[in-house]
Amino acid sequence: MTTHFWLTHTRPSQHAGAPENRIYVRQYGSGSAILLAVHGFGRSGARMERLGLHLGQQFTTLAPDLPYHGKTEWYDDRYTPEDFTLILQQLLNRYHDRPVYLLGHSLGGRYLSSCLAGLAHPDLRDVALVAPDGAGGRYTNWIDTLPTVLVRPLARISERPRAILRLSNWLSKRGIINRYSAEYLKYNLNDRPFRRRIAGTLRSILKFPPRAEEFESALRRHSIKCTVFVGDKDPLLHHDRLVSMYTPLPSVHLHHYTGSHWLPERLLADYYRDSLVTAVP
């Protein structure tokens, strides 16, 4: 079964009268367990369709479109961990009597790990991160090194295609971003929704800093483990940095597989089916 629904982001009182932010959530399958899956930058919840259909008999997969992505209607010029935690918590509250598994891919992995400490659910079973951003990824690592005062002007520049193309070329020549990232920007910057997406994400992403110790504490508080899936041919990851970040964490297991940055649907389908078998008393 494939369907969808909307979540409304409740605004603080000072924003009364402004348009409501709405999150578009895609739903796949009708299984008793819940898989809450968060996609990466430039994608949408539709990226989880094949995985959701593979698991349709065992899981109900919920795949929200991130702000500025897919069909989500996000009118603010940024979002915070509190905003995103509230979105995730609304989904968890709908299924308080069912086991829940969390999955984050790329940027979605960064957001999910940052928000885990603020989530509450009586039967949270597992967290899986695929190529999580924030662990020295080549795609956004340069953003993490920027002083906060530069983020706002950079976001403003990103809404002007010629300016950001000059900037990306300058960064690429100096090795700050790789050629893949520069070509990706060149290809997409003629698209107005993309420009708004990258501007809003730039304003928001530094509010979700990678904090390994806090992530470990959140895993322990929920009494769950995390598996980090790492493709051996992923051009967007600094593998050494990722390993050095996650290996010291007792609650995290690194799973290396043959593949790139794409979501490994078959590998994940087997992983989640095995997780259900292991969870049976």
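Trainee: What volume does the second largest pocket have?

Mentor: Rolling a probe the size of a water molecule over the atoms shows where empty space is left. In this structure, which is a predicted model, the second largest pocket has a volume of about 220 Å³.

Trainee: Which residues are closest to the centre of that pocket?

Mentor: The lining of the second largest pocket has 15 residues, and S113, S114, P209, R211 and E214 are the closest to its centre. Four elements give two or more residues to this lining: α2, α3, α9 (212-222) and α10 (239-246).

Trainee: Which element gives the largest share of the lining of the second largest pocket?

Mentor: Helix α9 does, with three residues. By kind, the residues of the lining are nine nonpolar, two polar and four charged.

Trainee: Helices α2 and α3 were both named for the lining. At what angle do α2 and α3 pack?

Mentor: Two packed helices are described by the angle between their axes and the distance between the axes. Here helix α2 (residues 81-94) and helix α3 (residues 107-115) pack at an angle of about 90°, and their axes are 10 Å apart. An angle from 65 to 115 degrees counts as roughly perpendicular, so α2 is roughly perpendicular to α3.

Trainee: Which residues make the contact between α2 and α3?

Mentor: From α2 they are P81, F84, T85 and L88, and from α3 they are Y111, L112 and C115. An α-helix has 3.6 residues a turn, so residues three or four places apart point the same way. You can look for that pattern in the names just given. The residues of this contact divide into six nonpolar, one polar and no charged.

Trainee: Is α3 mostly covered or mostly uncovered?

Mentor: Helix α3 is mostly covered, as eight of its nine residues are buried. The buried residues of α3 are L107, G108, G109, R110, Y111, L112, S113 and C115. Two of the names, L107 and Y111, come up again with T201.

Trainee: Where does T201 lie, and which residues does T201 touch?

Mentor: T201 lies in helix α8 (residues 192-205). Leaving out residues up to four places away in sequence, T201 touches F41, Y68, H69, Y79, L107 and Y111. A residue counts as buried under 20% relative accessible area, so T201, at 5% relative accessibility, is buried.

Trainee: Which loop holds S106, and what is the sign of its phi?

Mentor: S106 is in the loop between β5 and α3. Its phi is positive, about 60°, although S106 is not a glycine. S223 also has a positive phi, near 60°, and is a residue other than glycine. S223 lies in the loop between α9 and β7 (225-231).

Trainee: Are S106 and S223 buried or exposed?

Mentor: S106 is buried, because its relative accessible area is 12%. S223 is exposed, because its relative accessibility is 67%.

Trainee: Strand β5 comes before that first loop. What about Y101, which lies in β5?

Mentor: Strand β5 covers residues 100-105. Y101 is buried, with a relative accessible area of 2%. The C-alpha atoms of Y101 and L36 are separated by 6.2 Å, although these residues are 65 residues apart along the chain.

Trainee: How many helices and strands does the protein chain have?

Mentor: The protein chain has 11 helices and eight strands. Of its 281 residues, 53% count as buried. Among contacts between residues at least 6 apart in sequence, 78% join residues at least 24 apart.

Note on methods:
Residues numbered from 1 in each chain as written. Predicted model: local features only at pLDDT ≥ 70, side-chain atom pairs only at ≥ 80, totals over all residues. Heavy atoms only, no water. Axes fitted to C-alpha atoms, helices over the stretch in contact; angles between N-to-C directions. Parallel < 35°, antiparallel > 145°, perpendicular 65-115°, else oblique. Contact = heavy atoms within 4.5 Å. Nonpolar A, V, L, I, M, F, W, Y, C, P; charged D, E, K, R; others polar. 1 Å grid on protein atoms, 1.4 Å probe; cavity = no way out; pocket = protein on both sides within 12 Å on 5 of 7 lines; lining within 4 Å. Points joined across faces, edges and corners; volume = space filled by probe spheres on them. Buried < 20%, exposed > 50% of the residue type's maximum accessible area, 1.4 Å probe, protein only.
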